[in-house]
Amino acid sequence: MNPGSVLSALPGAASVSGLASAWRWSPNPMFTFTAALSTDGRHNLQVNVRGPYDEGLVTALLTHARAHDGTFVGQGRPLVAVGDFHHEGTPFDTVGVAAPEVHGYHATENPELSAVTYAVFPAYASEISGRENEEEAWGRFRKMLQPNKLDRTEVPFVKMRYDNTRTQSMSKGDARGFAPLDTLVRELGLLDGAPGGFVEWENRHGVVWRADSNSDGLELAHDGARETVDTGQLQATARTSVQ
């Protein structure tokens, strides 16, 4: 498999200025795809963009990914965060990388190319733990992160479970599942006055917090300590805990 030969022969593929062994093509006005070979020349690093396209940002993403591809190529990690990324005019501080089993790029039309392709996308440090299993990585990449949008907002890593005895709303099962930060903040806001209810959440580092509602108010447990808090303190803690 020679990914360079395959990519350069794609309909409409043109070399990318300022980035060696890289090609850009657009199958329709809505999508723009850009691919660059890895340092070993045997893998494809690809940014897919839907909507507004920023050539400078995409080039910077691929340059950063290529410079650090030893941290993910062949490492068996489904979702990886490559930190210390900076590009003027954008808020992104990380380059996200998804493995073939997660992204599905070229899976239908060219399975061989898909198998050596890594999806590269703009990300934030708060979004990826690097410990995601394949199922978790698939869900994050395909359902939550919107990796093909260059103007997307931050989607912090939040796993939570909860049970509100007043609203009768609860999560399913005993395991914490991924949720938007807004959902966590909302459920914490509804916890007061629901004795026996709780909200438990985890950040990308695997650190866990738990808030309980009882007859005396709200209690927050974290790192072996417990303290009485109000709703505002709980919500503020949630927002800072996932950064």
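Contact here means heavy atoms within 4.5 Å. The structure described is a predicted model. In that sense of contact, and leaving aside neighbours within four places in sequence, N48 is in contact with T32, F33, Y105, P147 and N148.

## The seven-stranded sheet and N48

N48 has its place in strand 4. With a relative accessible area of 12%, N48 is buried, because the limit for that class is under 20%. The N48 side chain also makes a polar contact of 2.8 Å with the side chain of Q46.

An open sheet of seven strands is present, with the order 1-2-3-4-7-6-5 and mixed pairing. Its edges are formed by strand 1 (14-15) and strand 5; each has a single partner strand, so one side of each is left without a neighbour in the sheet. Strand 3 and strand 4 run antiparallel and are joined by seven bridges. One of the residues of this pairing is T32, whose bridge partner in strand 4 is V49. T32 is also among the contacts of N48.

## Helix 2 and the largest nonpolar core

Helix 2 has 13 residues and reaches 18 Å from its first C-alpha to its last, close to the 18 Å expected at 1.5 Å a residue. The N-terminal end of helix 2 is capped by D54, which places a side-chain oxygen 3.1 Å from the backbone nitrogen of G56.

The buried residues of helix 2 are L57, V58, T59, A60, L61, L62, H64, A65 and R66. These buried residues pack against strand 2 (22-28), strand 3 (31-37), strand 4, strand 5, strand 6 and strand 7.

The largest nonpolar core has 26 residues, of which L62, F72, V95 and V120 touch the most other members. At least two residues of this core come from each of strand 4 (44-50), helix 2 (55-67), strand 5 (79-82), strand 6 (94-98) and strand 7 (117-123). Helix 2 gives the most to this core, with six residues.

What does V120 touch, not counting residues up to four places away in sequence? The list comprises L45, Q46, V47, L61, L62, A65, V95 and G96. Of these, L61, L62 and A65 are buried residues of helix 2.

Apart from the largest core lies another core, of 19 residues, among them V158, L184, L191 and W201.

## Salt bridges

A search of the whole structure finds eleven salt bridges. Three of them are set out below.

| Pair | Closest N to O distance |
|---|---|
| K159 and E136 | 2.5 Å |
| E202 and R176 | 3.0 Å |
| R226 and E219 | 2.8 Å |

The side chains of K159 and E136 meet in a salt bridge. K159 lies in strand 8 (residues 159-163) and E136 in helix 5 (residues 134-144), so the pair ties together parts that are 23 residues apart in sequence. K159 is buried, at a relative accessible area of 12%.

E202 forms a salt bridge with R176. This pair links distant parts of the chain, 26 residues apart: E202 belongs to strand 10 (residues 198-202), whereas R176 is in the loop between strand 8 and strand 9 (177-178). E202 counts as buried, at 9% relative accessibility, while R176 is partly exposed, with a relative accessible area of 28%.

R226 forms a salt bridge with E219. R226 counts as exposed, at 55% relative accessibility, because the limit for that class is over 50%. E219 counts as partly exposed, at 23%.

Salt bridges that share partners also join R161, R176, E200, E202, R210 and D212 into one network.

## The hairpin of strands 12 and 13

Strand 12 (residues 217-222) and strand 13 (residues 225-229) pair in the antiparallel sense over five bridges. The hairpin has two residues between the strands, and D223 takes a positive phi near 55°. What is the bridge partner of E219 in strand 13? That partner is T228. The side chain of E219 is engaged as well, in the salt bridge with R226.

Terms used:
Residues are numbered from 1 along each chain as its sequence is written. This is a predicted model: local features need pLDDT of at least 70, side-chain atom pairs count only at pLDDT 80 or more; totals for chains, interfaces and linings use all residues. Side-chain values use heavy atoms; hydrogens and water are left out. Two strands pair if DSSP finds at least two bridges between them. Helices (H or I, at least four residues) and strands (E, at least two) are DSSP runs, numbered from the N terminus. A nonpolar core is a set of buried Ala, Val, Leu, Ile, Met, Phe, Trp, Tyr and Cys residues joined through side-chain atoms within 4.5 Å. Buried means under 20% relative accessible area, exposed over 50%, partly exposed in between (1.4 Å probe, protein chains only). A salt bridge is a side-chain nitrogen of Lys or Arg within 4 Å of a carboxyl oxygen of Asp or Glu. The expected span of a helix is 1.5 Å times one less than its number of residues. A polar contact is a pair of N or O atoms within 3.5 Å; within protein, one must be able to donate a hydrogen and the other to accept it, and residues adjacent in sequence count only if both atoms are side-chain atoms.
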